[in-house]
Protein chains: 2
Amino acid sequence: MEKNLKRLATMQRMEVKGLELFYSKGYSNTSVDDILKELSLSKGAFYYHYESKEDFFIQIIQNLLVRKVYSMLIEPIEGHENPLQLITNCFDEALECAVHNEMDYGFLLSNFLNEFNGRNARIMAPLNDILKVWEVNLVSAIQRGKFNGFVDRHVDSEGAAVYLMSSFIGIRTLMVESSPSARKYRFMAQLRQYFKSIEASHTSV
Amino acid sequence: MEKNLKRLATMQRMEVKGLELFYSKGYSNTSVDDILKELSLSKGAFYYHYESKEDFFIQIIQNLLVRKVYSMLIEPIEGHENPLQLITNCFDEALECAVHNEMDYGFLLSNFLNEFNGRNARIMAPLNDILKVWEVNLVSAIQRGKFNGFVDRHVDSEGAAVYLMSSFIGIRTLMVESSPSARKYRFMAQLRQYFKSIEASHTSV
DNA sequence: ATTGTAACAGACCAGGTGGTCGATATTAAA
DNA sequence: TTTAATATCGACCACCTGGTCTGTTACAAT
């Protein structure tokens with residue numbers, strides 16, 4: 001049973017390093033050799049564990065990317081408090097994390113989305129799955145908010161979710177190059193403004 | 001004087017086709033030969049006019065991309081009417097255009113932004129220039145709106161601009177693969193919601 | 001110790017990449 | 001018609017890419 005422990009260990013090493021390089025240089029600008037070189041491994045090792053580069057990347061998505069997005073954007077908004085507050089805190093933390101990361105290349109998920117959008121259906125499938133989970137989670141958070149009297153009942157939950165996802169993806173793109181901190185601050189202020197407009201009206205309480 | 005007319009003609013052909021392929025396949029997944037093949041031109045022709053592939057791409061940005069973004073996102077919001085209405089119409093039209101384009105790969109500018117963000121300073125420079133022009137234009141439109149009584153005076157123009165850019169970039173990414181039309185509709189509804197929250201309050205009139 | 005298999009090494013390959021370079025075609029001026 | 005600059009051709013190069021394959025190690029079971 002412990003025999004495939006080594007197997008999983010090297011696979012983990014390859015996938016972690018792979019994600020790191022794919023993120024920083026892009027998928028097609030990162031060669032299999034690039035990854036192997038940094039790990040002092042050989043082609044033989046790689047193609048013993050994976051059928052192809054594409055297959056390898058799909059494994060990375062399902063093993064690593066899913067969890068990252070989950071812990072960064074989904075788990076933090078699962079709670080019974082005001083969902084608008086949860087989302088605000090969640091976005092704030094995620095953006096703050098990006099600000100402090102001096103080697104920031106944007107939002108992991110959306111970078112890959114952009115690279116494969118309309119170009120590679122096999123890779124897009126698991127990426128879209130992640131997107132869907134995120135969306136569903138946002139929708140249910142907002143609906144919870146309606147039920148608990150935090151969010152105006154007339155608000156379209158799906159619409160708000162799409163709007164939130166859009167703005168997050170976009171701000172992460174805009175934060176990479178110029179004045180990330182300032183842009184984060186401005187973004188968060190407008191997000192609160194938007195939230196104010198969809199929260200349950202105070203007069204009706 | 002008309003001697004360099006032929007020169008400009010073939011350069012135009014190469015750049016137009018280049019942009020088309022760079023957009024649909026990405027910069028690094030498009031080879032110079034790909035472009036040349038479609039135009040029945042040879043390497044010699046290409047490297048007679050351009051120093052390198054990178055140089056070629058920068059020319060494309062400055063000659064074609066700038067104009068496209070300008071006519072699509074900047075020019076339509078230059079007017080003396082309600083800027084929030086102008087921006088709404090502008091976004092609506094841009095998104096509608098994407099919905100009807102069966103070969104949509106996302107927002108031209110943001111695709112390249114994503115591909116080169118933090119990776120290629122020479123290419124990022126002209127891309128950031130375009131971004132800046134867009135931002136400045138949005139800011140001044142909103143300020144105009146404040147002056148003319150359409151937008152609440154307490155609104156942070158820079159913040160609103162960043163927020164608008166973010167959401168637009170994001171929605172274009174989300175519209176590529178799944179149900180673009182539905183997402184566009186939801187997005188526009190929430191955009192109007194946000195605009196309602198920053199327009200000049202009716203009570204103060 | 002022997003065996004068998006899982007894990008890895010690394011030479012190798014075919015195809016593609018950006019880019020070079022001398023030969024050639026086109027064309028406007030002399 | 002000659003000339004000379006402009007514009008284009010296409011063979012060529014060094015290098016890199018994903019992927020294959022044969023061989024070698026490490027190690028658990030017998």
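A salt bridge is a side-chain nitrogen of Lys or Arg within 4 Å of a carboxyl oxygen of Asp or Glu. The legends below use this term often.

The model is predicted, so local features need pLDDT of at least 70 and side-chain atom pairs count only at pLDDT 80 or more, while totals for chains, interfaces and linings use all residues. Residues are numbered from 1 along each chain as its sequence is written, chains are lettered from A and ligands numbered from 1 in the order in which they are written, and side-chain values use heavy atoms, with hydrogens and water left out.

**View 1. A salt bridge joins B:R172 and B:D104.** The N to O distance between the two side chains is 2.8 Å. B:R172 lies in helix α8 of chain B and B:D104 in the loop between α5 and α6 of chain B, so the salt bridge ties together parts that are 68 residues apart in sequence. Helices are DSSP runs of H or I with at least four residues, strands are runs of E with at least two, and both are numbered from the N terminus. Both B:R172 and B:D104 are buried. Buried means under 20% relative accessible area, exposed means over 50%, and partly exposed lies in between (1.4 Å probe, protein chains only).

**View 2. A salt bridge joins B:K184 and B:D92.** Here the distance is 3.5 Å, N to O. B:K184 belongs to helix α9 of chain B and B:D92 to helix α5 (residues 83–100) of chain B, and the two are 92 residues apart. Is B:K184 buried or exposed? With a relative accessibility of 10%, B:K184 counts as buried. B:D92 has a relative accessible area of 24% and is therefore partly exposed.

**View 3. In chain A, a salt bridge joins A:K43 and A:D33.** These side chains are 3.5 Å apart, N to O. A:K43 is in helix α3 (residues 43–49) of chain A and A:D33 is in helix α2 (residues 32–39) of chain A, so the pair connects parts that are 10 residues apart in sequence. A:K43 is partly exposed at 41% relative accessibility, and A:D33 is partly exposed at 36%. Over all chains, the count comes to 22 salt bridges.

**View 4. Chain B meets chain A.** In this interface, 43 residues of chain B are in contact with 43 residues of chain A, where contact means heavy atoms within 4.5 Å. About 3,900 Å² is buried between the two chains, 54% of it on carbon and sulfur atoms. Buried area is the accessible area (1.4 Å probe) that two parts lose on being put together, summed over both. Which three residues supply more of the area that chain B buries against chain A than any other three? They are B:R119, B:Y163 and B:Q190, with 17%.

**View 5. A:R183 and B:E135 form a salt bridge between the chains.** The distance is 3.0 Å, N to O, and the count between chain B and chain A is 2 salt bridges. The two chains also have 18 residue pairs in polar contact, with both residues at pLDDT 80 or more. A polar contact is a pair of N or O atoms within 3.5 Å; within protein, one must be able to donate a hydrogen and the other to accept it, and residues adjacent in sequence count only if both atoms are side-chain atoms. On the side of chain B that touches chain A, α8(B) gives the largest share, 13 residues.

**View 6. Helix α6(B) is mostly covered.** How many of its 9 residues are buried? The count is 9 of 9, with B:L108, B:F112 and B:F116 among them. Just after α6(B), B:G118 takes a positive phi of about 70 degrees.

**View 7. DNA strand C lies beside residues of both protein chains.** Of the 19 residues around the strand, A:Y48, A:H49, B:K43, B:Y47 and B:K53 come nearest. A residue is near a strand if one of its heavy atoms lies within 4 Å of it. α3(A) gives the most to the surface near DNA strand C, with 5 residues. Phosphate oxygens of DNA strand C are 3.3 Å from an N or O atom in the side chain of A:R7, 2.9 Å from a polar backbone atom of A:S42, and 2.9 Å from an N or O atom in the side chain of A:Y48.
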